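Hi,

Here is the structure I promised to send over. Have a look at it first, and my notes follow underneath.

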Amino acid sequence: MIRELKEQTKFTETEKEIADYVLRREDEIIPMSIREFSDACNASPTAVMRFCRKLGCDGFKDFKIKLLKELEKPAKPAMTDVNRPFYIGYSTQKIARTIYKLQEESMKECMEDLDIPSIEKAARILTNARVVFMYGYGDSLILARSFMNRLYKINKMCILATESSEEAGMSNNATEKDAAVFITYRGGNEKFSKCADTLKQQKCPVIVLSADFETPLTEKADISIRVKDKENSSDNIATFYSQAVFGYILNVLYSLIYSAMYTKNHSHKKKIDEYTKLK
């Protein structure tokens, strides 16, 4: 029942508010009467009864009995809801713990599912690339910029192909000596697919980070690095999950590129860091 309260897939707006109240105050509900409960969550007793029946309960009393049974079950570590990790009324401390837990769980799961051969192959391609062309929109563009910033510091030339919506033209400039990286949770759009066609004609290796492997873009990729599809773009608070897992994968790729020529890269980065301090 608690899972249904969190998912809220068939709830009206009023029922979502009732569910949110239950999730916030689950320990306080058991001694309440239906009138006290309906007043507390700003709903009518009739709305509360409809809510209880939608959850398969005979009424409010039956709802409380089933809720109590679930609360008394041995606690199992529950995965954090990546779409709605917190609710109205959470304290600052609880939100801070929840976001930490969400990121920790996301990266741990990503690490356990990581396709090591694909990661290693992608790192080799990027290490040897003359220029790395990056593709991403929105939050993915921010991740691409961050990855590029690190590569600049180890003398790796990068171009953000989607910066000025010139990705079609940029793709024509790529060669077999370069590499292209697409960061797109949903597998990109038609424009990305056309860019991949151009890159393939130019014999430029294509690397895709995505949660969706059934798109034209991912089918054209030389290397596809997949993450689990957990985000609901129509009902989430932010892209906490995709930012965490994509950021983790890009950090691993950067570390592998760095370690491939560790001494040379470390020396160049130190020089860049010193120059930056003088500005």
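Let me start with E15: at 5% relative accessibility, E15 counts as buried, since the cut-off for that label is under 20%. Keep in mind that this is a predicted model. E15 sits in helix α2, which covers residues 13-29. Leaving aside residues up to four places away in sequence, E15 touches K10, R50, F51 and K54. So what surrounds this buried glutamate includes two lysines, an arginine and a phenylalanine.

One of those contacts, F51, leads on to the aromatics. F51 belongs to one aromatic cluster together with F11, Y21, F37, F60 and F63.

How many aromatic pairs does the structure hold? The count comes to 14. Take Y254 and Y258: their ring centres are 5.7 Å apart and the planes meet at 65°, so this pair is edge-to-face. For that label the planes have to be over 60 degrees apart. The two tyrosines are four residues apart in helix α12 (residues 240-260), which means about one helical turn separates them. Are they buried or exposed? Y254 and Y258 are both buried.

Y254 also has a charged partner: R150 lies over the face of its ring, 5.8 Å from the ring centre. A lysine does something similar elsewhere, with K94 over the face of Y90 at 4.2 Å from the ring centre.

That's what I have so far. Shout if you'd like to go through any of it together.

Cheers

Note on methods. Residues are numbered from 1 along each chain as its sequence is written. This is a predicted model: local features need pLDDT of at least 70, side-chain atom pairs count only at pLDDT 80 or more; totals for chains, interfaces and linings use all residues. Side-chain values use heavy atoms; hydrogens and water are left out. Rings of Phe, Tyr and Trp (its six-membered ring) pair if their centres lie within 6.5 Å; planes under 30 degrees apart count as stacked, over 60 as edge-to-face and the rest as tilted. Buried means under 20% relative accessible area, exposed over 50%, partly exposed in between (1.4 Å probe, protein chains only). A charge sits over a ring if NZ of Lys or CZ of Arg is within 6 Å of the ring centre and within 35 degrees of the ring normal. Contact means heavy atoms within 4.5 Å.
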